[in-house]
Amino acid sequence: MSDLDQLTQSLARNLKRWRGERGFTLDTLAARAGVSRGMIIQIEQARTNPSVGITVKLADALGVSITTLLDYEQGSHVRLVPPEQAVRMWSTDAGSSTTLLVGTDARGPFELWSWRLMPGEGTDSDAHPPGTVELLHVSAGELTLLVDGAEHQVPAGSAATFEADVPHGYHNKGAEPVTMTMSVSVPPAHAASY
């Protein structure tokens with residue numbers, strides 16, 4: 001089984017499991033995530049590989065980390081994640097990429113990411129659930145952080161934090177690659193509160 005097949009199967013299994021644990025119908029999850037019912041059915045039947053954006057929306061709607069939706073080995077109190085098991089979420093031909101290094105669902109999803117943005121590249125994100133916080137540290141280059149329409153320059157060696165319940169984005173407007181580490185904390189979701 002290829003890595004992509006394993007990822008597709010894990011996502012199908014974990015999405016069904018978490019939707020059941022939350023007590024969400026297909027229609028409830030579709031409405032919460034802003035993803036069509038048909039797409040959710042295709043994902044749960046392992047017939048499609050959704051985009052990163054759709055995967056993030058589903059994880060946010062379920063109140064779990066992306067790691068939880070994609071992971072196929074969970075259970076131990078200590079979980080070591082070797083480099084070959086980190087999940088490359090997206091990449092470009094120019095060399096930009098994001099990699100989900102590790103995540104947990106203790107007291108709500110909490111994720112650690114490694115980012116590389118090549119000059120002239122970037123990505124934007126929809127608002128996450130209220131209470132979501134992101135922290136980042138730029139180790140090389142200068143990041144242009146967009147939060148709710150405002151630009152913030154984050155040079156190498158600097159860190160930033162913000163509430164990610166508004167549209168936001170990460171861009172490299174400089175001449176050298178940007179590398180950064182980012183963590184995301186999402187509050188847990190409960191079916192009864194919706």
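**A walk from helix α4 to the open sheet**

Helix α4 contributes more residues to the lining of the largest pocket than any other element, 7 in number. The model described here is predicted, and the pocket is a convenient place to enter it. The volume of this largest pocket is about 660 Å³. Its lining is made up of 36 residues, and those nearest the centre are Val56, Asp60, Ser125, Asp126 and His128. Besides α4 (52–62), the elements that supply two or more residues to the lining are α2 (26–33), β1 (87–91), β3 (110–117), β4, β9 and β10 (178–185).

How much of α4 is buried? Of its 11 residues, 8 are buried, so the helix is largely enclosed by the rest of the structure. The buried set consists of Ile54, Thr55, Val56, Leu58, Ala59, Asp60, Ala61 and Leu62. Val56 and Asp60 thus appear both among the buried residues of α4 and among the residues nearest the centre of the largest pocket. As a rule, an α-helix has 3.6 residues a turn, so residues three or four places apart point the same way. Which helices do the buried residues of α4 pack against? Their partners are α1 (3–22), α2, α3 (37–44) and α5 (66–70). After α4 comes Gly63, which has a positive phi, near 75°.

The strands come next. In the whole protein there are 5 helices and 10 strands. Four of the strands, in the order β4-β9-β6-β7, make an open sheet with antiparallel pairing. Its edges are β4 (122–125) and β7 (150–155), each of which pairs on one side only. From one strand to the next, the twist averages 15°. Inside the sheet, β6 (residues 142–147) and β9 (residues 168–171) run antiparallel and are joined by 4 bridges. Leu145 faces Tyr170 of β9 across this pairing.

Thr123 lies in β4, one of the edge strands of the sheet. Is Thr123 buried or partly exposed? Its relative accessibility is 22%, and because buried means under 20%, Thr123 counts as partly exposed. Leaving out residues up to four places away in sequence, Thr123 touches Trp90, Trp115, Gly169, Tyr170 and His171. The C-alpha atoms of Thr123 and His168 are 8.8 Å apart, although 45 residues separate the two along the chain.

Ser97 offers a second case. Ser97 sits in strand β2 (residues 97–104). With a relative accessible area of 9%, Ser97 is buried, because this value is under 20%. Setting aside neighbours within four places in sequence, Ser97 is in contact with Arg88, Trp90, Ser91, Ser114, Trp115 and Arg116. Trp90 and Trp115 are therefore in the contact list of Ser97 and are also touched by Thr123.

Some totals place these local views in the whole chain. Of the protein's 194 residues, 43% count as buried. Among contacts with a separation of 6 or more, 62% are between residues 24 or more positions apart. The protein exposes about 9,900 Å², and 53% of that comes from carbon and sulfur atoms.

Note on methods
Residues are numbered from 1 along each chain as its sequence is written. This is a predicted model: local features need pLDDT of at least 70, side-chain atom pairs count only at pLDDT 80 or more; totals for chains, interfaces and linings use all residues. Side-chain values use heavy atoms; hydrogens and water are left out. Two strands pair if DSSP finds at least two bridges between them. Axes are lines fitted to C-alpha atoms, for helices over the stretch in contact, and angles run from 0 to 180 degrees between N-to-C directions. Buried means under 20% relative accessible area, exposed over 50%, partly exposed in between (1.4 Å probe, protein chains only). Contact means heavy atoms within 4.5 Å. Accessible areas come from the Shrake-Rupley method with a 1.4 Å probe; for residues, only the protein chains shown count as cover. On a 1 Å grid over the protein atoms alone, a cavity is a set of points where a 1.4 Å probe fits but cannot get out, and a pocket is an open set with protein on both sides within 12 Å along at least five of seven lines; lining residues have an atom within 4 Å of a point. Grid points are joined across faces, edges and corners, and a volume is the space filled by probe spheres set on the points.
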